Amino acid sequence: MPDLSAVKAALATQRIETPSWAYGNSGTRFKVFAQPGVPRDPWEKLADAAKVHEFTGVAPKVALHIPWDKVDDYGKLAAFAREHGVALGAINANVFQDDAYMLGSVTNTDPAVRRKAVDHLLECVDIMDATGSRDLKLWFADGTNYPGQDDLRERQDRLAEALRTVYERLGDGQRMLLEYKFFEPAFYATDVPDWGTAYAHCLKLGEQAQVVVDTGHHAPGTNIEFIVATLLREQKLGGFDFNSRFYADDDLMVGAADPFQLFRIMYEVIRGGGFTSDVAFMLDQCHNIEAKIPAIIRSVMNVQEATAKALLVDREALAAAQRGGDVLEANAVLMDAYNTDVRPLLAEVRDEMGLAPDPIAAYRRSGWAEKIVEERVGGQQAGWGA
């Protein structure tokens, strides 16, 4: 059986990055429902993120999205984050909301549009330099809706050229993380539709290019843990965007739709050495109807619970059953760990870290929710613009 003291030590070192945009108003393509107390600027987003870290103890970084989090002085923003006990994490580029990108950004047939997109990506690397951020995260909405609309191979050539330009701009210790999504908003052919396409581009670029697995960006029934295991084996898994899906890119709270899948993913992460490597564990969620900060805290807790269960897998017993071809016993070993109630264990971990055992209850007692509703009156609430 796993050593509980080692399990608790591992859980205390876990780090989960939260997304700035999840603190603002977000929603679906149909409607964004505004909530009282939502941040009006990146500074207030960081203040909310600091509260998540204060009560969970494992969320010390905040990812930015440009231009949603554009400021005049990124060094000042980074200093503000440090003053509040957090740091700036991945810089997420946005080449999907400008009218010029209707037919694509870096894969567009128009060289001027491609230049505009690449210039933005290079600007994001400049921001990384100013903030001390390690990761540039790229997701492209590029693709086509109709057969014959554009040349599929030429679009891959344009994509490769753009990625190479940005990759060569990276500094020492910086990484490019390439995300994939099998459809939407391009419905016929998406230019980066799967992990294989992302992997192929990253492999050609070099060691500083890694693949991002967004858990919501897969077709129903996809074995995501197989993808995770393969990318870890190839040393090309750069990070996660954690969320849940029932149908497509639902962006629900991680673990809400299929907590067993999250457990299986985290087991492969631990099995493949990803828990102690440079793999970035980030949330990417769209809190449309739920309160922002409690939802993010709950998401962090869901990842913690899946991780705790994965750490409790008796790997020696599992390996013995696998070697002996004992199908039922091998499955039982996994299920025993998954069916363990790890909430008391995590409460102990938090207590030993000097935290309240129940982060949600502690947040509600803090009065922060009432404080921000009272203070954040007027101005333009932050939102992703759907």
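# Exercises on salt bridges and strand pairing

D278 is exposed, with a relative accessible area of 52% (exposed means over 50%, buried under 20%, partly exposed in between, with a 1.4 Å probe and protein chains only). The model is predicted, so local features need pLDDT of at least 70 and side-chain atom pairs count only at pLDDT 80 or more, while totals for chains, interfaces and linings use all residues. Residues are numbered from 1 along each chain as its sequence is written, and side-chain values use heavy atoms, leaving out hydrogens and water.

**Exercise 1.** Find the salt-bridge partner of D278 and state where both residues lie in the chain.

*Solution.*
Step 1. Apply the criterion: a side-chain nitrogen of Lys or Arg lies within 4 Å of a carboxyl oxygen of Asp or Glu. R134 meets it with D278, the closest N and O atoms being 3.8 Å apart.
Step 2. Locate the pair. D278 is in the loop between helix 8 (259–271) and strand 10 (280–283), and R134 is in the loop between helix 4 and strand 4 (135–138), which puts them 144 residues apart. Helices (H or I, at least four residues) and strands (E, at least two) are DSSP runs numbered from the N terminus.
Step 3. Add the accessibility of the partner: R134 is partly exposed, at 27%.

**Exercise 2.** Decide whether E44 and R376 are buried or exposed, and explain what their salt bridge ties together.

*Solution.*
Step 1. The search of the whole structure finds 27 salt bridges. One of them joins E44 to R376, with the closest N and O atoms 3.7 Å apart.
Step 2. E44 belongs to helix 2 (residues 42–56) and R376 to the segment after helix 14 (368–375), so this pair ties together parts 332 residues apart in sequence.
Step 3. E44 has a relative accessible area of 14% and is buried. R376 is buried as well, at 9%.

**Exercise 3.** Describe the salt bridge between R169 and D129.

*Solution.*
Step 1. The N to O distance is 2.6 Å.
Step 2. R169 is in helix 5 (residues 152–169) and D129 in helix 4 (residues 111–131), 40 residues apart, so the pair links distant parts of the chain.
Step 3. Both residues are partly exposed: R169 has a relative accessible area of 28%, and D129 one of 43%.

**Exercise 4.** Place strand 4 in its sheet, name its neighbours and say what covers its faces.

*Solution.*
Step 1. Eight strands form an open sheet with parallel pairing, in the order 1-2-3-4-6-8-9-10. Two strands pair if DSSP finds at least two bridges between them. The edges are strand 1 (18–19) and strand 10, each pairing on one side only.
Step 2. Strand 3 (residues 87–92) runs parallel to strand 4 and is joined to it by two bridges. Here N92 stands opposite K137 in strand 4.
Step 3. Between these strands the chain passes through helix 4, and this β-α-β crossover is right-handed (with the strands pointing away from the viewer, the path from the first strand over the helix to the second runs clockwise).
Step 4. Strand 6 (residues 175–179) is also parallel to strand 4, with four bridges between them. D135 faces R175 in strand 6 as its opposite residue.
Step 5. Both faces of strand 4 are covered: D135 and K137 are buried on one side, L136 and L138 on the other.
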